[in-house]
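Let us go through this structure step by step, beginning with its overall division and ending with its interior.

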Amino acid sequence: MYVTIFMCMKKKPVLVISSGAGISAESGIKTFRDADGLWENYPVMDVASADGFRRNPALIHKFYNERRHQLVNARPNEAHKILADLEKYYDVRVITQNVDDLHERAGSSNVLHLHGELMKIRSIKNPDYIEELSPDNLDTNVETRGKNGDLMRPHIVFFQEPVPNIEKAVEEVSEADIFVVIGTSLVVYPAASLLNFVRPGVPVFYIDPNPADVSGFPVKVIRKTATAGMAELRDILVKKAEEKE
Ligand code: OAD
């Protein structure tokens, strides 16, 4: 006779993170809109728009080559690492506007990139044909072809282009038991609209030393850098998770 034992596997609460350039600032990667940010030194519509790519693709290849060389010399900081560690307690889902791979290198296993990925290139003809670059092969130019023979471009979502992962992001935010926004000026849409999809009653935290105005939302603002703010929030989140056990 067989006895069937039903094991009740307890699901971890869902912690959704929306990160922006500020989380990587302490890894030495410049933000876009702070003083001396990238958009102060480069005309944004030349290096990050679909029109810019049509006008001068060589400039855009050069711009992202420089970003890649900077990225391979950067390391994840404590904020990225704490998020990865929180997977012990939470089903952590990171939604990032960043094109760097520092969340992945810190160990986060569930990362959704809204604005593309620096270490990837894609076919100009077929957006689903994507190849990865390696640290010893970072540079592309207007003649770079993929293994399938197609001309390739940076795997970056330019201004004037749709954001393919936004629906998945909205779905994740609507499943959040806790939502945390880190290091973003909340000026670029649709990413900035994610706050609208949090279910009523879900705790929301926003870590940023110079936060945007979120007075219309029930948000606890932690006015600190990403590493200091995440150290503070980690204690709150671990306590919450232990209380639920
Ligand atoms: P921004 O440069 O607009 O904003 C950076 C935010 O990070 C600001 O709110 C800063 O106060 C904050 N910040 C600065 N240092 C910080 C630190 N040490 N810790 C925490 N926060 C810090 O960057 P994003 O909001 O990410 O898109 O920009 C959104 C999008 O605009 C980018 O993904 C990019 C850009 O154009 C594309 O290129 C498609």
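What distance separates the centres of domain 1 and domain 2, taken over C-alpha atoms? In this predicted model, the two centres lie 27 Å apart. The domains themselves are not simple consecutive stretches of the chain: the assignment gives domain 1 as residues 1–29, 77–115 and 163–245, while domain 2 is made up of residues 30–73 together with 120–156.

Turning to how the two parts meet, 14 residues of domain 1 are in contact with 9 residues of domain 2, and the area buried between the two domains comes to about 820 Å², with carbon and sulfur atoms giving 64% of it. On the domain 1 side, A21, I29 and R105 lose the most area to domain 2, and together these three residues account for 45% of what that side buries. As for specific polar interactions, the count of salt bridges between domain 1 and domain 2 is 0, whereas 1 residue pair, with both residues at pLDDT 80 or more, is in polar contact between them.

The interior can be considered next. A search of the whole structure finds 1 cavity of 30 Å³ or more, and the volume of the largest cavity is about 40 Å³. Its lining consists of S18, F179, V181, L186, A191, A192, L194 and L195, a set that divides by class into 7 nonpolar residues and 1 polar residue, with no charged residues. Serine counts as polar under this classification, so the 1 polar residue of the lining is S18.

How values were computed: Residues are numbered from 1 along each chain as its sequence is written. This is a predicted model: local features need pLDDT of at least 70, side-chain atom pairs count only at pLDDT 80 or more; totals for chains, interfaces and linings use all residues. Side-chain values use heavy atoms; hydrogens and water are left out. On a 1 Å grid over the protein atoms alone, a cavity is a set of points where a 1.4 Å probe fits but cannot get out, and a pocket is an open set with protein on both sides within 12 Å along at least five of seven lines; lining residues have an atom within 4 Å of a point. Grid points are joined across faces, edges and corners, and a volume is the space filled by probe spheres set on the points. Domain bounds come from an automatic or database domain assignment. Contact means heavy atoms within 4.5 Å. Buried area is the accessible area (1.4 Å probe) that two parts lose on being put together, summed over both. A salt bridge is a side-chain nitrogen of Lys or Arg within 4 Å of a carboxyl oxygen of Asp or Glu. A polar contact is a pair of N or O atoms within 3.5 Å; within protein, one must be able to donate a hydrogen and the other to accept it, and residues adjacent in sequence count only if both atoms are side-chain atoms.
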